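User: I should like to go through this structure and ask on what grounds each descriptive term is applied. Please set each value against its definition.

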Amino acid sequence: MSTLHLVRKSAFTTNDFAQCLSVLDQQDSIVLMDDGCYNLKHSLMGSLIKRADSTITINVITNHAQARAIETMAEVKHIEMVDLVELTFTHNKVITWQ
């Protein structure tokens with residue numbers, strides 16, 4: 001059963017991202033949005049990238065990262081809001097971390 005994790009808060013201000021990573025399973029996807037885009041610069045991101053393989057997808061809403069002047073990395077897929085809607089239909093459940 002796959003889960004879509006919507007991460008909306010920064011790990012610099014709350015532990016939501018760490019909690020998300022603790023329950024992350026194979027076939028899950030993460031979408032960094034709003035202030036969750038700041039997690040691209042957090043040390044937890046490095047451990048996630050090492051852990052992520054072909055079964056875990058890391059996404060970022062492009063406009064949200066650009067609005068915060070955050071550069072992304074090659075391991076992170078850039079998506080738009082329309083792609084986020086599609087992801088909600090391709091996963092069994094959605095959890096919002098906020």
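User: Which residues of H1 are buried?

Analyst: This is a predicted model, in which local features need pLDDT of at least 70 and side-chain atom pairs count only at pLDDT 80 or more, while totals for chains, interfaces and linings use all residues. Residues are numbered from 1 along each chain as its sequence is written, and side-chain values use heavy atoms, with hydrogens and water left out. In H1, the buried residues are Asp-16, Phe-17, Cys-20 and Leu-21. Helices (H or I, at least four residues) and strands (E, at least two) are DSSP runs, numbered from the N terminus.

User: What puts these residues on the same side of H1?

Analyst: The buried residues cover an arc of only 135 degrees around the axis, and therefore lie on the same side of H1. The arc is that of the directions from the helix axis to the C-beta atoms. What covers them includes S1, S2, H2 and S5, where contact means heavy atoms within 4.5 Å.

User: Why does Leu-4 count as buried?

Analyst: Buried means under 20% relative accessible area, exposed over 50%, and partly exposed in between (1.4 Å probe, protein chains only). Leu-4 has 0% relative accessibility, and so counts as buried. This residue is in strand S1 (residues 3–7). Leaving aside neighbours within four places in sequence, the contacts of Leu-4 include Val-31, Leu-84 and Ile-95.

User: What makes a set of residues a nonpolar core, and which residues touch the most other members of the largest one?

Analyst: A nonpolar core is a set of buried Ala, Val, Leu, Ile, Met, Phe, Trp, Tyr and Cys residues joined through side-chain atoms within 4.5 Å. The largest has 19 residues, of which Phe-17, Ile-30, Leu-32, Met-45 and Leu-48 touch the most other members. Helix H1 (16–23), strand S2 (29–32), helix H2 (43–51) and strand S3 (57–61) each supply at least two residues. H1 gives the largest share, 3 residues. A second, separate core of 8 residues includes Leu-4, Val-31, Met-33 and Leu-84.

User: How do you know that S2 and S3 pair, and where do they stand in the sheet?

Analyst: Two strands pair if DSSP finds at least two bridges between them. S2 and S3 are joined by 4 bridges and run parallel, so the criterion is met. One bridge links Ser-29 with Thr-57 in S3. The open sheet has 5 strands in the order S4-S3-S2-S1-S5, with parallel pairing.

User: What makes S4 and S5 edge strands?

Analyst: Strand S4 (77–79) and strand S5 (93–97) each pair on one side only.
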